[in-house]
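Me: I should like to take a close look at a single part of this protein. Please describe one helix and its surroundings in a connected account, and add what should be known about the confidence of the model.

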Amino acid sequence: MTPDFIREALKQVRYPGFSRDIVSFGLVKDVQVLADGVHVKIEVQTRDPDVPEKIFKDAHAILDELPDVGAVKIEIEIKDPPGQNSASATGKSSVPGVKRIIAVASGKGGVGKSTVAANLAVALSKTGARVGLCDCDLYGPSVAMMFGTTERPMANEQEEIIPIEAHGIQLMSMGFLLEDRSPVIVRGPMATRYTQQFLRQVAWDHLDYLILDLPPGTGDIQLTIVQTVTVDGAVIVTTPQEVALTDARKAVSMFAKVNVPILGLVENMAWFDCDHGQRYFLFGEGGGVREAAKLNVPLLGQIPINPETGRRGDQGAPVALVPAEEHPVSAAFHQIAATLRERVKV
């Protein structure tokens, strides 16, 4: 019976709503193996009382069953997430140079989340707001390609990263730091460090909105973000079929666990309109509409499949740059942006 043995056992305890365990998240601060038992100290940053209670019960369920463990004492220290109190009082985020932060997330990969984040950033900027886009998907960064720039960021005198600017949007992405064929191979602690640097050590210049393009799923990067900065709300992206909606529910549950309001659901790839005027529901019809009603969150919009959307993304000119009256997909993104400006005022 050693501290390492206890920590290994605690890796079976998941943070509620997330796929990673409390040891990987760094929540287990101290483990002592004493003559009469085991003493574990855990630190949790949350305002949801259900989170520490669930961790406490799950940890006891694991440790109490170990042979010859003796008495198990689990001490949980609960702290407020950084910046939450000051942010709610001042109406500003905890990131210097940024007023509001909106996360774009999905429970599942391949639903077009980055396309939605990029076009939402462009559409918000067209309303007159100053907008930034931070690509938090370290393993599959796509913002550099979608905005058509291969610049390398510089640093200012304060050793802050100066974001790249394209189409009027301030950008930060791992894609600016790597060659096209270079894979990102980082484990949990390093991913946490990169994410914190992108959020707190970038010289964002007087932004009204910072859009965070999150990686899919409910892992360490998501928890790092909500425990590092104040997120004003999350937009959940899904496609209409059940396999995507199931994961979208997990994303909604994750944000509820960490007290981030859900601004609404975006149903991407909702249908395809062919040249002959026929509409095809390739992934099912109205799944996002029903799911938004079931989850009691707004349906922000439905985005159809359109070849030009993908083509313009590959060419570095998001479709939202096209005037709304000239393209139905651009119109949908501009309508979503208008709704978000009403819901998250600066």
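Reply: On one side of helix H9, the residues Arg290, Ala293 and Lys294 are exposed. The other side of H9 has another character, for the buried residues of this helix, which spans residues 287-295, are Gly287, Gly288, Glu291 and Ala292. These four lie on the same side of H9 because they cover an arc of only 125° around the axis. The buried residues of H9 pack against three elements: helix H8 (242-257), strand E10 (262-273) and strand E12 (299-305). After H9 comes Asn296, whose phi is positive, near 60°.

The model is predicted, and its confidence should be considered as well. The protein chain has an average pLDDT of 85, and 91% of the residues score at least 70. Among the elements of the chain, the highest mean pLDDT, 95, belongs to helix H4 (residues 113-125), and the lowest, 41, to helix H3 (residues 84-90). Over residues 83-92, pLDDT stays under 50, and the model has 11 contacts beyond four places in sequence for this stretch. Where pLDDT is low, predicted coordinates should not be read in detail.

A further feature concerns the surface. Met1, Phe5 and Val33 make a nonpolar surface patch of about 240 Å². Of these residues, Phe5 has its place in helix H1 (residues 3-10). Phe5 counts as partly exposed because its relative accessibility is 41%, which falls between the limits of 20% for buried and 50% for exposed.

Note on methods
Residues are numbered from 1 along each chain as its sequence is written. This is a predicted model: local features need pLDDT of at least 70, side-chain atom pairs count only at pLDDT 80 or more; totals for chains, interfaces and linings use all residues. Side-chain values use heavy atoms; hydrogens and water are left out. pLDDT is the predictor's confidence in each residue, from 0 to 100. Helices (H or I, at least four residues) and strands (E, at least two) are DSSP runs, numbered from the N terminus. Contact means heavy atoms within 4.5 Å. Buried means under 20% relative accessible area, exposed over 50%, partly exposed in between (1.4 Å probe, protein chains only). The arc is that of the directions from the helix axis to the C-beta atoms. Patches are made of residues with over 30% relative accessible area and no salt bridge: like charges are joined within 9 Å, nonpolar side chains (Val, Leu, Ile, Met, Phe, Trp, Tyr) within 5 Å. Accessible areas come from the Shrake-Rupley method with a 1.4 Å probe; for residues, only the protein chains shown count as cover. A salt bridge is a side-chain nitrogen of Lys or Arg within 4 Å of a carboxyl oxygen of Asp or Glu.
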